[in-house]
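Me: Could you walk me through some of the labels used for this model? I'd like to see the reasoning behind each one.

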Amino acid sequence: MKKILTALAITLVLTGCKTSPTGRTQITLYSEQKMDEMGVASFAQMKEQQAIEADKAINSYVRCIADNLIAQLPTEYANQQWEVVVFEDDSANAFALPGGKIGVHTGLLEVAKNQHQLAAVMGHEVGHVIAQHANERVSQNSLLQFGLQASNVALQMGDIQYRDAIMQGLGVGAQFGVALPFSRSHESEADIIGLELMAKAGFEPQGSVELWQNMAAVSGERPPEFMSTHPAPQSRIANLKNGMISANELKQLAWQAGFKPQCK
């Protein structure tokens with residue numbers, strides 16, 4: 001039984017291996033069509049359950065930033081019909097979903113003070129989509145559950161003493177050793193993808209650093225980074241600063257090509 005489970009796990013991993021935009025090896029077990037369907041369905045549900053901002057000026061401002069970012073996406077994503085919705089929500093948040101969906105909370109507009117800072121957040125969120133992070137997370141959760149179930153079977157077959165305690169330990173180890181670092185790697189990768197995307201669109205890359213400085217100023221107490229799904233603001237700022245030289249070069253090329261957004 002253990003050999004069968006191991007062989008099945010290896011087959012799943014090998015068939016789902018891909019490479020992210022930054023060159024990182026990733027496992028995506030689900031089709032893009034399936035992920036798009038899930039994203040579209042989730043977004044439709046959100047629109048039914050959450051209030052939508054009606055102010056035309058706000059919607060035009062957010063859509064302007066989105067359009068400039070979308071124009072710089074890889075062809076298969078740039079050609080999608082992207083839907084952008086501003087939700088009435090006080091939290092400083094935004095998100096993007098497979099299937100061409102972007103949501104921005106009105107609370108974010110209080111923290112992202114200008115088009116460059118808002119472009120940093122929106123570029124980051126779209127970065128999650130083009131890097132297929134949602135697919136990777138769903139696939140990871142499936143494999144984690146499979147692995148824990150396989151371990152449980154093996155312990156039962158071997159009549160291992162203290163099996164329940166060991167299984168609890170495996171669950172905690174999977175959370176802190178795999179799931180959380182994996183999520184932080186997604187956030188860091190999306191930061192870099194978003195930084196490059198906003199620069200290619202002609203936004204000021206420094207806006208990304210300013211945004212996270214603003215976020216740090218309004219954030220409450222955070223858990224230790226090793227227990228968090230997101231890197232600490234200081235880590236994100238350092239990561240973004242490391243990519244600033246190349247980002248500014250991309251911005252200069254964008255300006256030379258006539259890409260200089262004026263979203264107000």
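Reply: Happy to; the model is a predicted one, and below we take its labels in turn.

Me: Let's start with a helix pair. What makes helix 9 roughly antiparallel to helix 10?

Reply: Their angle does. Helix 9 (residues 206-218) and helix 10 (residues 233-242) pack at about 175°, with axes 9 Å apart. Angles over 145 degrees count as roughly antiparallel, so helix 9 earns that description relative to helix 10. On the helix 9 side, the contact involves Ser208, Val209, Trp212, Gln213 and Ala216, which meet Pro233, Arg236, Ile237, Leu240 and Lys241 of helix 10. By class, that contact has six nonpolar, two polar and two charged residues.

Me: How do you know that the buried residues of helix 10 line one face?

Reply: The buried residues in helix 10 are Pro233, Arg236, Ile237 and Leu240. Viewed down the axis of helix 10, they fall within an arc of 100°, so they line one face of the helix. Gln234 and Asn242, on the other side of helix 10, are exposed.

Me: And why are helix 6 and helix 9 called roughly perpendicular?

Reply: Again, look at the angle: their axes cross at roughly 85° and come within 8 Å. The range for roughly perpendicular is 65 to 115 degrees, so the label fits helix 6 and helix 9. His116, Gln117, Ala120 and Val121 of helix 6 make the contact with Gly207, Ser208, Glu210, Leu211 and Asn214 of helix 9. Here the classes are three nonpolar, five polar and one charged.

Me: Why is Ala96 called buried?

Reply: Ala96 has a relative accessible area of 10%, and buried means under 20%, so Ala96 qualifies as buried. Ala96 sits in strand 4 (residues 94-97). Leaving aside residues up to four places away in sequence, Ala96 touches Lys101, Ile102, Glu125, Val126 and Val129.

Me: Which residues have the most contacts inside the largest nonpolar core?

Reply: Those are Ile65, Ile102, Leu118 and Met122, in a core of 43 residues. Helix 6 (residues 115-130) supplies the largest share of this core, with eight residues. Met122 touches Val62, Ile65, Ala66, Leu69, Ile102 and Val104, not counting residues up to four places away in sequence. Apart from this core lies another, of five residues, among them Phe43, Phe87, Phe95 and Leu97.

Definitions and conventions:
Residues numbered from 1 in each chain as written. Predicted model: local features only at pLDDT ≥ 70, side-chain atom pairs only at ≥ 80, totals over all residues. Heavy atoms only, no water. Axes fitted to C-alpha atoms, helices over the stretch in contact; angles between N-to-C directions. Helix = DSSP H or I, 4+ residues; strand = E, 2+ residues; numbered from the N terminus. Parallel < 35°, antiparallel > 145°, perpendicular 65-115°, else oblique. Contact = heavy atoms within 4.5 Å. Nonpolar A, V, L, I, M, F, W, Y, C, P; charged D, E, K, R; others polar. Buried < 20%, exposed > 50% of the residue type's maximum accessible area, 1.4 Å probe, protein only. Arc of directions from axis to C-beta. Core = buried A, V, L, I, M, F, W, Y, C linked by side-chain atoms within 4.5 Å.
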